2 protein chains.
Amino acid sequence: MIPAQTPEDRPAGQARQLPPATVSRLTLYLRTLNALLADGVENVSSDALAESAGVGSANVRKDLSHLGSYGTRGVGYDVANLSRQIAQALGLTHEWRVAIVGAGNLGRALARYAGFESRGFDVVALLDADQMVIGTEIGWLRVSDVANLESVLESTRANMVVLALPAQVAQSVCDRVVEAGVHSILSFAPVALSVPEHVNLRKVDMATELQILAYHAQRLQEPGLERDRPGA
Amino acid sequence: MIPAQTPEDRPAGQARQLPPATVSRLTLYLRTLNALLADGVENVSSDALAESAGVGSANVRKDLSHLGSYGTRGVGYDVANLSRQIAQALGLTHEWRVAIVGAGNLGRALARYAGFESRGFDVVALLDADQMVIGTEIGWLRVSDVANLESVLESTRANMVVLALPAQVAQSVCDRVVEAGVHSILSFAPVALSVPEHVNLRKVDMATELQILAYHAQRLQEPGLERDRPGA
DNA sequence: AAATGTGAATTTCTTCACAGCC
DNA sequence: GGCTGTGAAGAAATTCACATTT
């Protein structure tokens, strides 16, 4: 009978489900907005945002329109307000406590990465399986034994986990993390992990990125070598 | 008008431009195939590949069909052959020499990351601006002075560059890299870089990934407006 | 005049479903 | 029977273009 909810229905600022492509671009806009904010800039156009994110301006406007109408025609967007709206839509007003599993080269680099702290992500634990590493201090954290994963997650109330460990052990640690009730996982392990439906898993894979570059590079590099037909 | 050219036109093994989404999945299939190869498995079905890459099997078949018909109906794909075909399509038969700029935590982690070497990417140089770090050995490499970027890129014949440096200096180093003739760049700097048309730039951004996780986590966590209570 | 917000058109990507081959 | 390869259908994302507002 009554439609579930018309757009005007929802409390201002409470967007319904955003398209995935939009979500990832919103993070880019947010970064630009925060830089502008630091510079004291008050207004920004969709064109300027598009430029700094490397997308089209119509795309920016459509993305932002999913959050509501926060722009002013003829003027642009208020930097401070839009930054706030995006942060809220992305859930960055919550407190996120991140545990990093794996204190190898990558895990250590991540633990010290200033970008996390400055964006509202608190690194609350660093764990490893190597007895030589457990107990040492890295950054301002003491490395915990991954054998105690469950209790560390609980005592630190971590609600996100970053996996920075070898492919061989990634799945089993991942299972324990899920079992322990953490449902947001970012994996750097070069392997596909399987998780239950309700778990959010994202992957970052550096070798994959290089391979994609290789594909494009190769195609530029041999423009017409063995091509029977020159040009289009 | 006459269609440009039919698929049968192209020399076997010389694929036409692949859709971007396909390229990134091919890297996943390749990883699985190489693992199977190491295990001595000879055949694999699109279903099995789909499972290990976390996509649908029709998607796998469509992706692979862009390379040509390398499967056998009723049987599946020959692991060794398919691995070779994908590697070739991705341009991994070339020799890729990677220079890493920035020997901070992340740069060091990348320099030691075994995943690169094992996938045909040769890390040939590591550069930094810090006099305390220049000249020290990390992994197999001696850290060079980024002031000599151009000559290092030339002498090592690097054809890819990984940027692992702070946002403030990323653009200027990026410009020098492009000017020096390297057209494939993977950036870990949390900033949008602008490059000429013909340069391939990819970005990996850890803070962005966490923000996307935060968005999804928040939605699960939100005390449902019209959501069922998560009790099951 | 300037720039947003948005339906409509377009392109790209995914999924379906089944013919064809082993 | 089992599994690939692929047109056709469907869904998602992007781009266009312009009415609308300041």
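**Close-ups of a predicted protein–DNA model**

**View 1. The surface near DNA strand C.** H3(B) makes the largest contribution to the surface near DNA strand C, with 4 residues; helices here are DSSP runs of H or I with at least four residues, strands are E runs of at least two, and both are numbered from the N terminus. "Near" means that a heavy atom of the residue lies within 4 Å of the molecule or strand. This is a predicted model, with local features needing pLDDT of at least 70 and side-chain atom pairs pLDDT 80 or more, while totals for chains, interfaces and linings use all residues. Residues are numbered from 1 along each chain as its sequence is written, chains are lettered from A and ligands numbered from 1 in the order written, and side-chain values use heavy atoms, leaving out hydrogens and water. Of the 24 residues around DNA strand C, the nearest are Ser46(A), Arg61(A), Arg73(A), Tyr77(A) and Arg25(B).

**View 2. Polar atoms facing DNA strand C.** The side chain of Lys62(A) puts an N or O atom 3.3 Å from a base oxygen of DNA strand C. Backbone atoms join in too: an N or O of Gly74(A) sits 3.2 Å from a sugar or linking oxygen of DNA strand C, and one of Tyr70(A) is 3.5 Å from a phosphate oxygen of that strand.

**View 3. Over to DNA strand D.** Here H3(A) gives the most to the surface, with 4 residues. A polar side-chain atom of Arg73(A) is 2.8 Å from a base oxygen of DNA strand D, and Lys62(A) has a side-chain N or O atom 3.4 Å from a base oxygen of DNA strand D. On the phosphate side, a backbone N or O of Gly71(B) comes to 2.9 Å from an oxygen of DNA strand D.

**View 4. H1 against H2 in chain B.** Helix H1 (residues 20-38) and helix H2 (residues 46-53) of chain B pack at about 110°, axes 9 Å apart. Axes are lines fitted to C-alpha atoms over the stretch in contact, and angles run from 0 to 180 degrees between N-to-C directions. H1(B) and H2(B) are therefore roughly perpendicular (65 to 115 degrees). Leu28(B), Tyr29(B), Thr32(B) and Leu33(B) from H1(B) meet Leu49(B), Ser52(B) and Ala53(B) from H2(B).

**View 5. Where chain A meets chain B.** In contact (heavy atoms within 4.5 Å) are 65 residues of chain A and 67 of chain B. The two chains bury about 6100 Å² between them, 62% of it on carbon and sulfur atoms; buried area is the accessible area (1.4 Å probe) lost on putting two parts together, summed over both.

Notes: Polar contact = N/O pair within 3.5 Å; in protein donor to acceptor, adjacent residues only side chain to side chain. Parallel < 35°, antiparallel > 145°, perpendicular 65-115°, else oblique.
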